[in-house]
Amino acid sequence: MQVENQEQPCETGSVVDGPIGYDDLSPDQAAAIDKLLDAIEKRRRVLVLSGPAGSGKSTLVAVLATLLRDDGWHVRYMASTGKAASRLQQILGEPVLTIHSMLYHSVNEHLDGRLSFGNAAQICDTHTVLFCDEASMVDVRLDQDIRKNLPRGAVLIYVGDRHQLPPVGADGGPGGWGPDFDHPDADLTEVHRQGRENPNLVVSGSLRLGGPLPAEDMPPWFLRRTGDMSTVAGWAVEELERGEDMALLVYTNDARQRLNRLLRQALGKRSQGEVADGERLVCSMNNKLVGCMNGETFVVHPLKTAAEVWPSAPLDEFGQRFLRVRLEGLPYASQTAWIHPDLIGANSRAFRAGLERCPWIDKDEALNVDYGYAITYHKSQGSQYRLVGLVLDDALRRLVKRDPATARRMVYTGYTRTRERVVAWVVR
């Protein structure tokens, strides 16, 4: 029994091209499948498969899915973000949905093209094995919601990388993994031949084991640069204006806010107001109704203000400035939502208080957002970019001295966000 192997680069390394079956797997991949099949046979309901970039997790999932179907199981796939779902679908050639679109089954399309999601419901049928990719982003609350709606007779297999950062927690809540990545049921450790030939996977493998970033350039895959924040912002603007799919990753919110201000100014966005056409934003709080999750980045196109939507409504000055925007770059490109210029970057309490000031706005259609040109390492999880700029500033260097294990996870997580290139900016 064989499946087409289409594993994509970096998480970027590809494995052996062409059909691959159980007999073609490496010893650690075959052992992992045996452990998972044994656990399923023993009626374990929730399992965890862990492995670093280049270890062949997607290949293993494809082979395991074929074995399970041959044994009479139904197989379904989901992922923690739209980008992760799209990437896995390209690899497997099968439908992959986001967690929230599977868990919240009521999906309605409105006249303006907006999709809305209803309450949580049974996430799959019985006698189904459900694979969840990029599961290191699943926090305790989401894990509880998934398990609560996993029917008797179904099996959930979380797939992720236990060397990445654990999630901060949905909506600012308690952090930590929901899946038990500290004690995975199967753990891949070997990076395969094609992975070892990919310079980015060589570097990420070294970081995973506690090694440093390369001291020398490895063009075009990896470059080291030195400068101040203005230099970093100028470089990023040049890449963005060339149409590059890129993001700057930083440790602290202070650095993130500073870089976003510098980038908006250089891009000419600040002169166009708080929300310009083509503005890049990042979601700061899960909104399951809109279908936008914490950490997802997207571009907005302003449509109308609340004053234009309801010209006769008794809106105060604050309420009039609510802005209807079209969201681009999310799994459902036709989505629209409400944002407020004064609430960009607001914490959850201030955001909710702002919504209370305008009862005309449907709270379920409002997004808590911030500018998304520079994002934190934590927020980057689940995303992939063709170009990643790692910002190595004084705050991160202090973290290395204070908590080297967390700093290692942070840089490893950031590095594995790339599909092609990384530039490490040493900021002085």
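1. In this predicted model, helix 13, which spans residues 394-402, has Ala395, Leu396 and Leu399 as its buried residues. These three cover an arc of only 95° around the axis, which puts them on the same side of helix 13. The general geometry fits this reading, since an α-helix has 3.6 residues a turn, so residues three or four places apart point the same way.

2. The opposite face deserves a look as well: turned away from the buried side of helix 13 are the exposed residues Arg398 and Lys401. As for what the buried side meets, the buried residues of helix 13 pack against strand 19 (385-392) and also against helix 14 (404-415).

3. A separate element to inspect is an open sheet of five strands, paired antiparallel in the order 16-15-14-13-17. Its edge strands, each pairing on one side only, are strand 16 (336-339) and strand 17 (369-371), and the twist from one strand to the next averages 50°.

4. At the strand 16 edge, the antiparallel connection to strand 15 (residues 323-328) is made by four bridges. Valine 325 has alanine 337 of strand 16 as its bridge partner, which gives a convenient register point when the pairing is checked by eye.

5. For the protein as a whole, the model contains 14 helices and 20 strands, and 57% of its 428 residues are buried. Of the contacts between residues at least 6 apart in sequence, 71% join residues at least 24 apart. The exposed area comes to about 18,200 Å², of which carbon and sulfur atoms supply 48%.

Definitions and conventions:
Residues are numbered from 1 along each chain as its sequence is written. This is a predicted model: local features need pLDDT of at least 70, side-chain atom pairs count only at pLDDT 80 or more; totals for chains, interfaces and linings use all residues. Side-chain values use heavy atoms; hydrogens and water are left out. Helices (H or I, at least four residues) and strands (E, at least two) are DSSP runs, numbered from the N terminus. Buried means under 20% relative accessible area, exposed over 50%, partly exposed in between (1.4 Å probe, protein chains only). Contact means heavy atoms within 4.5 Å. Accessible areas come from the Shrake-Rupley method with a 1.4 Å probe; for residues, only the protein chains shown count as cover. The arc is that of the directions from the helix axis to the C-beta atoms. Two strands pair if DSSP finds at least two bridges between them. Axes are lines fitted to C-alpha atoms, for helices over the stretch in contact, and angles run from 0 to 180 degrees between N-to-C directions.
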